[in-house]
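Me: I would like a close look at a single part of this model, with its surroundings described carefully enough that I can follow each step on screen.

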There are 2 protein chains.
Amino acid sequence: MAIHLFPLDGIPPIHPGDDLPALIAEAIRRAQLGARPDDLLVVCQKAVSKAEGRIADLESIEPGPAAGRIAAELGKDARIVEVILRETRRVVRMDQGHLIVETRQGFVCANAGVDESNSLDDHTVILLPENPDASAAALRAALLERYGMDLPVLITDTFGRPWREGLVEFAIGAAGFQPFADYRGRRDLTGRELQHTVVAIADELASAAGLLMEKDRGVPAVLIRGYRYTAGPGAAKELLRDREKDLFR
Amino acid sequence: MAIHLFPLDGIPPIHPGDDLPALIAEAIRRAQLGARPDDLLVVCQKAVSKAEGRIADLESIEPGPAAGRIAAELGKDARIVEVILRETRRVVRMDQGHLIVETRQGFVCANAGVDESNSLDDHTVILLPENPDASAAALRAALLERYGMDLPVLITDTFGRPWREGLVEFAIGAAGFQPFADYRGRRDLTGRELQHTVVAIADELASAAGLLMEKDRGVPAVLIRGYRYTAGPGAAKELLRDREKDLFR
């Protein structure tokens with residue numbers, strides 16, 4: 001039971017209002033992959049955010065005094081800090097030039113996921129989708145209703161991590177599958193009951209797809225074939241640890 | 001350019017002193033996969049640790065007073081806490097029943113990676129390899145010299161993360177490839193220079209392989225085919241952030 005990762009390339013740069021389901025359905029057809037019951041669709045956040053118009057034009061941003069002070073402290077553009085603060089529920093760390101926050105959606109990440117790269121032009125930044133689980137559900141519904149493609153959908157973004165260098169792809173939105181594989185109560189190969197093993201499958205799928213989403217190529221989506229996901233309702237927000245249970249916030 | 005993940009199954013439970021290179025070479029042959037230049041081998045920590053005899057027999061462990069107090073505080077077995085402390089360089093967090101430490105190898109993880117599941121019997125626990133990068137290099141060298149298989153090697157373990165629920169597979173040892181894809185200085189699709197984008201490819205490869213390393217099945221190794229890794233020296237310890245640069249330690 002192998003797993004196969006197929007890049008969905010040839011998708012043009014996305015602009016606000018673009019019909020993302022149509023572009024993705026077309027890319028799946030172009031790749032002559034069909035859409036099988038063991039397929040799962042992964043789409044990068046940037047494509048979703050751009051299509052949804054989740055962008056901010058820095059030329060229209062008037063930084064407030066807090067944004068100005070934080071920008072000076074961190075050596076950042078005050079207009080970008082203003083946009084970050086508008087997307088922030090709580091600042092988690094502010095040090096060494098980094099601004100790690102809990103976003104309004106509950107993600108803990110640098111700069112509230114506000115991103116300058118692969119944007120529309122040099123004065124536009126891209127924000128996280130307002131509700132990435134809803135974005136995933138809408139994309140899944142459109143692919144099913146309009147194109148007959150019944151695919152679980154995963155939306156991913158590239159975040160840093162504590163303790164480890166480098167960024168990896170994480171799940172930020174999901175629809176149509178369980179984000180965890182829960183082994184609790186099942187037995188290991190020696191017959192011992194597995195106690196603590198809940199695997200964040202959605203994040204592993206995200207990182208797998210990340211191997212094909214190279215930053216300087218246009219691969220905004222990946223089809224994962226052969227992974228035995230558990231179908232059903234499921235949302236990426238289930239992956240977010242409650243603040244009270246978190247030892248690092 | 002698709003990526004394919006093949007499980008290497010049929011490998012028997014590993015015991016101390018087993019010839020891991022022989023077992024893996026045999027599994028690759030049995031799977032009739034050959035060994036291609038675009039292949040990369042992923043092996044789970046437990047197989048490596050067991051073959052290396054990195055185990056502790058709890059019946060022979062005499063917990064010291066610190067282990068006894070910490071065990072009482074956290075509700076753990078004092079003998080296991082004693083083993084954990086022997087593998088620990090520094091305790092990072094001790095709260096809510098969790099013991100998060102920096103291991104002697106530099107990994108930040110729960111219980112210093114000391115693991116009871118898929119062990120040899122009910123009084124044995126498994127430790128991380130003494131030097132997982134050296135383990136990866138030795139496995140790579142043995143596969144090349146004895147079987148003519150020229151494969152980059154990645155050793156992985158399953159860790160939790162701050163902020164997010166669920167475990168995922170991480171890189172703990174590597175040989176024969178660069179653990180990062182560094183996009184700095186390259187340009188995005190709009191021509192803007194990518195500033196901060198260094199992707200921890202080794203961790204993404206680990207998580208991808210993790211999709212096939214189900215905890216209640218015997219899949220200790222995975223062959224990843226088609227990922228365009230950069231060959232050359234490289235070690236998983238490069239992934240470890242220096243403590244001074246870490247905002248969460």
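In what sense, and over how many bridges, do strand E8 (residues 153–159) of chain A and E9(A) pair? Please start from that pairing and work outwards to whatever else involves these strands.

Reply: This is a predicted model, and the description that follows should be read with that in mind. Strand E8 (residues 153–159) of chain A and E9(A) pair in the antiparallel sense, and the pairing runs over seven bridges. To fix the register on screen, one can take Ile155(A), whose bridge partner in E9(A) is Gly173(A).

The burial of E9(A), which spans residues 168–175, comes next: eight of its eight residues are buried, so the strand is largely enclosed by the rest of the structure. A residue is called buried here if 20 or more other C-beta atoms lie within 10 Å of its own.

E8 of chain A also has a part in the contact between domains. The domain assignment of chain A gives domain 1 (4–53 + 129–241) and domain 2 (55–125), and the centres of these two domains, taken over C-alpha atoms, are separated by 26 Å. Their contact takes 14 residues from domain 1 of chain A and ten residues from domain 2 of chain A. On the side of domain 1 that touches domain 2, helix H2 (45–51) and E8 of chain A each supply at least two residues, and the residues of that side divide into five nonpolar, four polar and five charged.

Strand E9 matters again when one turns to the second chain. In total, 61 residues of chain B are in contact with 61 residues of chain A; among the elements that each supply at least two residues of the side of chain B that touches chain A are strand E9 (168–175), strand E1 (3–8) and helix H6 (201–210) of chain B. H6(B) gives the most to that side, with six residues, and by class the side has 29 nonpolar, twelve polar and 20 charged residues.

Strand pairing is also found between the chains, since strand E1 (residues 3–8) of chain A and E1(B) pair in the antiparallel sense over three bridges, with His4(B) in E1(B) as the bridge partner of His4(A).

Finally, a rotation of 180° with 0.0 Å of shift along its axis superposes chain B on chain A, with an RMSD of 0.0 Å, which is the relation of a two-fold axis. The same surface serves both copies, in that 100% of the contact residues of chain B recur in chain A.

How values were computed
Residues are numbered from 1 along each chain as its sequence is written. Chains are lettered from A and ligands numbered from 1 in the order in which they are written. This is a predicted model: local features need pLDDT of at least 70, side-chain atom pairs count only at pLDDT 80 or more; totals for chains, interfaces and linings use all residues. Two residues are in contact if their C-beta atoms, placed from the backbone, lie within 7 Å. Helices (H or I, at least four residues) and strands (E, at least two) are DSSP runs, numbered from the N terminus. Ala, Val, Leu, Ile, Met, Phe, Trp, Tyr, Cys and Pro count as nonpolar, Asp, Glu, Lys and Arg as charged, and the others, Gly among them, as polar. Two strands pair if DSSP finds at least two bridges between them. A residue is buried if 20 or more other C-beta atoms lie within 10 Å of its own, exposed if 12 or fewer, and partly exposed in between; C-beta atoms are placed from the backbone. Domain bounds come from an automatic or database domain assignment. Copies are superposed by least squares on the C-alpha atoms of residues with pLDDT of at least 70 in both.
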